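Reader: I'm new to looking at protein models. Could you walk me through how to read one, feature by feature?

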Amino acid sequence: MTYEEATNKAELIRELEAKKERLQDWIDGLKDEVKAFMSEQGATSLVLGSCKVHWTEYETIRFDTKSFKNEHKDLYSQYEVKSTVKRFTIN
């Protein structure tokens, strides 16, 4: 690949990422509107055209890492795993 090709690809990535963000905002807004409609109907599942839409509540259990680290620093540090990662960004 040439410098010019890499430049074109980087610029295209930046443009597409910006479009992706705008599309995600639009999608999130549409989801909120459908959720509001479902709430008004008192429904957790609906068939809307060819789509089956489900909006259900469920419980989950998650480990509170922050609290554990604050309350048991020594024990937490025994299980810390450090790793090296690479980050790719285009601004």
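Reader: Let me begin with a single residue: in which helix does glutamine 78 lie?

Author: Happy to help, and please keep in mind that this is a predicted model. Glutamine 78 lies in helix α3, which spans residues 73-78.

Reader: Is glutamine 78 buried or exposed?

Author: A residue counts as exposed when its relative accessible area is over 50%. Glutamine 78 has 58%, so glutamine 78 is exposed.

Reader: How far apart are the C-alpha atoms of glutamine 78 and methionine 38?

Author: You can look at two things here, the separation along the chain and the separation in space. These two residues are 40 residues apart along the chain, and 47 Å separates their C-alpha atoms.

Reader: Now for charges. How many salt bridges does the structure hold?

Author: To find a salt bridge, look for a side-chain nitrogen of Lys or Arg within 4 Å of a carboxyl oxygen of Asp or Glu. The structure holds one. The partners are glutamate 17 and lysine 20, with their closest N and O atoms 3.2 Å apart.

Reader: Why are glutamate 17 and lysine 20 separated by about one helical turn?

Author: Because they are three residues apart in helix α1, about one helical turn separates them. Glutamate 17 is partly exposed, at 36% relative accessibility.

Reader: Which residues gather in a patch of negative charge on the surface?

Author: Here you look for like charges that gather on the surface. In this model Glu21, Asp25, Asp28, Asp32 and Glu33 form such a negative patch. Take aspartate 32 from this group: it sits in helix α1, residues 3-41, and its relative accessibility of 48% makes it partly exposed.

Reader: And which residues make a nonpolar surface patch?

Author: Leu23, Trp26, Ile27 and Leu30 make one of about 410 Å². Tryptophan 26 also has its place in helix α1. With a relative accessible area of 56%, tryptophan 26 is exposed.

Reader: Last one: how many aromatic pairs does the count come to?

Author: Two rings pair if their centres lie within 6.5 Å. The count comes to one aromatic pair. Its rings belong to phenylalanine 63 and phenylalanine 68, with centres 5.4 Å apart and planes at 55 degrees, so the pair is tilted.

Reader: How exposed is each partner, phenylalanine 63 and phenylalanine 68?

Author: Phenylalanine 63 is exposed, with a relative accessible area of 61%, whereas phenylalanine 68 is partly exposed at 23%.

Key:
Residues are numbered from 1 along each chain as its sequence is written. This is a predicted model: local features need pLDDT of at least 70, side-chain atom pairs count only at pLDDT 80 or more; totals for chains, interfaces and linings use all residues. Side-chain values use heavy atoms; hydrogens and water are left out. Patches are made of residues with over 30% relative accessible area and no salt bridge: like charges are joined within 9 Å, nonpolar side chains (Val, Leu, Ile, Met, Phe, Trp, Tyr) within 5 Å. Accessible areas come from the Shrake-Rupley method with a 1.4 Å probe; for residues, only the protein chains shown count as cover. Lys and Arg count as positive and Asp and Glu as negative; His and the chain ends are not counted. The place of a charge is taken as NZ of Lys, CZ of Arg, CG of Asp or CD of Glu. Helices (H or I, at least four residues) and strands (E, at least two) are DSSP runs, numbered from the N terminus. Buried means under 20% relative accessible area, exposed over 50%, partly exposed in between (1.4 Å probe, protein chains only). Rings of Phe, Tyr and Trp (its six-membered ring) pair if their centres lie within 6.5 Å; planes under 30 degrees apart count as stacked, over 60 as edge-to-face and the rest as tilted.
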